[in-house]
Amino acid sequence: MAELASLVQRLEVAVGRLEAMSGPGSGNGGSAGGAVSAYVEAFDEIINGPVAQYYSISQQIAGDVLKHAEMMKQAFSCQRQLLLMASSSQKPSDAVLTNLLQPVCKAIQQVQTFREQNRTSQHFNHLSAISESVPALGWVTMDPKPCPYVKEMQDAAMFYTNRVLKEYKEKDKRHVEWVRAYLSIWTEMQSYIKQYHTTGLSWSKTGPVASATAAPPSAPGGCPPPPPPGPPPPPISETCGDSETVNRNALFDSINKGADITKGLRHVKDDEKTHKNPGLRTQGSAVRTGPKPFSSPAARPAASATPTRTLPPVFELEGKKWKVENQEGAQDLVIGDTELKQVVYAFKCNMSTLRVKGKINSITLDNCKKMGLVFDDVVGIVDVINCKDVKVQVLGRVPTISINKTDGCHVYLSNDSLSCEVVSAKSSEMNILVPQKDGEFTELPVPEQFKTVWDGQKLVTTTTEIAG
């Protein structure tokens, strides 16, 4: 009996040691009893510290700044749920990981969309600072250097935070404190990543493999759904989807008939043709007229929905060409392993950011919307064509930037690229931003209107005074 009692005592000591090892501060694995891991607790300190301070000051400023701050709280809550799962689960497949990242991606898009929808806001610089830096939450996908990525996003915010400081430092100190509180979030985040996620998001070495359905939305620390933008649309008939599918299939079947598609058409006799019988034009239907100027959109008939084909995203190196195509809301696109002979071609990317490191031959943005491009050095040309609302930032050197058939293009030059030639055609809303000694940028519009006269020997074209 004495030996049995001794054995039980040793087992109790061993169990106690295991419980201590799996408690808070046990690293990435968490515990079977539900204890929060050390790096989730450290992330909570960021939420309860600089994030809470930023939100508190935003409440004082109120308005659009407060609405944006509420969206940021949701974004951090979404990221906390991802970290909570990673602390107790093994890393899943790329497909499952993509689903797990969706709440964070949607929160980032919501923040950026709010800024775009409120360009006339009196606090537009505040909204822009948040919108330009919120992609820093995408550090969870950066491997192996998430910390430098957060630093880049923080630097992107400082262009607009400097504007806020310049505007309010003598008028309202709350805005100065707001800037300090917000920037401190990303400073603390960098320290946090260095300590717990140096080479990327740390997943548990034990426990089940993470799945998209492992954590319900109502779990503690979960990501609350974003508020709806407006009242819900009227209910849709249950047979609507099936009807559209049948109609679409019938349309494709008809197209596939080729020349046989006309066999079912009835021959129109000469006495039924309106161009030969003007009297028929007033019979049967109303006379067709052209569009009315300044007509109300509500008065126009709704156009039938055209089936769209969603193409899969592409991010690959094919020979010497980096192909970046059909990216939607991708804020973490990075091309790091580059060579001088390579080129980058980005096609039909929307609400995305592309970072190109090193020295490369050329870069092309084609049919992109709300696209951000940041690159180091280009020895040839950066070509922006058929784009809308894009931003291009050069950190090193580039000899030529060409802008064609583009509406909305901001070009941020570096000190080493001030001799860059910007060639534009059939484009509007173009601005060149030149760095100053104090770290701020001077924004200069590119002329869009010109005057051409004949001087007796040749045509002379000059910029009009309206265009500046």
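## Aromatic pairs and the cluster

In this predicted model, a search of the whole structure finds 16 aromatic pairs. In one of these pairs, the rings of W178 and Y182 have their centres 6.0 Å apart and their planes at 10°, so the pair counts as stacked. Both residues belong to helix 7, where W178 and Y182 are four residues apart, or about one turn of the helix.

Both partners are also buried: W178 has a relative accessible area of 1%, and Y182 has a relative accessibility of 0%. W178 and Y182 are, in addition, members of one aromatic cluster, which is formed by Y39, F43, Y54, F76, W139, W178, Y182, W186, Y192 and Y196.

## Another residue of helix 7

Helix 7 also contains L183, which counts as buried because its relative accessibility is 15%, and the limit for that class is under 20%. When the neighbours within four places in sequence are left aside, L183 is in contact with Q154, M158 and T161. The C-alpha atoms of L183 and A157 are separated by 8.3 Å, although these two residues are 26 residues apart along the chain.

## The surroundings of helix 5

Helix 5, which covers residues 124-133, has nine of its 10 residues buried, and it is therefore largely enclosed by the rest of the structure. The buried residues are F124, N125, H126, L127, S128, A129, I130, S131 and S133. Among the elements that cover them are helix 2 (38-61), helix 3 (63-88), helix 4 (94-116), helix 6 (146-168) and helix 7 (173-196).

## Backbone details in three loops

The loop between helix 5 and helix 6 holds P144, and the peptide bond leading from D143 to P144 is cis, with omega near 15°.

Two asparagines have positive phi values although neither is a glycine: phi is near 55° for N326 and about 60° for N367. N326 is placed in the loop between strand 2 (321-325) and strand 3 (333-335), while N367 is found in the loop between strand 6 (362-366) and strand 7 (372-378). Their accessibility classes can be read alongside this, since N326 counts as buried at 13% relative accessibility, whereas N367 counts as partly exposed at 34%.

## The largest pocket

The largest pocket has a volume of about 1300 Å³. Its lining is made up of 42 residues, and those that lie nearest its centre are T98, Q327, E328, A330 and D332. The elements that give two or more residues to this lining are helix 4, strand 1 (314-318) and strand 3.

Helix 4 gives the most to the lining of the largest pocket, with nine residues. Sorted by class, this lining has 19 nonpolar, 15 polar and eight charged residues.

## The second largest pocket

The second largest pocket has a volume of about 970 Å³, and it is lined by 44 residues, of which E132, A156, V374, K391 and Q393 lie nearest its centre. Two or more residues of this lining come from each of helix 4, helix 5, helix 6, strand 3, strand 5 (353-360), strand 7 and strand 9 (388-394).

In this second pocket, the largest share of the lining comes from helix 6, which gives nine residues. By class, the lining of the second largest pocket has 20 nonpolar, 12 polar and 12 charged residues.

## Cysteines without disulfides

The structure holds zero disulfides, and two cysteines can be followed step by step to see how this applies to them. A disulfide requires a pair of cysteine sulfur atoms within 2.5 Å. For C368, the closest cysteine sulfur is that of C349, but the two sulfurs are 4.6 Å apart, which is too far for a bond. For C409, the closest cysteine sulfur is in C387, and the separation of 7.8 Å is again too far for a bond.

These two cysteines can also be described by their accessibility: C368 counts as buried at 0% relative accessibility, and C409 is buried with a relative accessible area of 0%.

Technical notes. Residues are numbered from 1 along each chain as its sequence is written. This is a predicted model: local features need pLDDT of at least 70, side-chain atom pairs count only at pLDDT 80 or more; totals for chains, interfaces and linings use all residues. Side-chain values use heavy atoms; hydrogens and water are left out. Buried means under 20% relative accessible area, exposed over 50%, partly exposed in between (1.4 Å probe, protein chains only). Contact means heavy atoms within 4.5 Å. On a 1 Å grid over the protein atoms alone, a cavity is a set of points where a 1.4 Å probe fits but cannot get out, and a pocket is an open set with protein on both sides within 12 Å along at least five of seven lines; lining residues have an atom within 4 Å of a point. Grid points are joined across faces, edges and corners, and a volume is the space filled by probe spheres set on the points. Ala, Val, Leu, Ile, Met, Phe, Trp, Tyr, Cys and Pro count as nonpolar, Asp, Glu, Lys and Arg as charged, and the others, Gly among them, as polar. Rings of Phe, Tyr and Trp (its six-membered ring) pair if their centres lie within 6.5 Å; planes under 30 degrees apart count as stacked, over 60 as edge-to-face and the rest as tilted.
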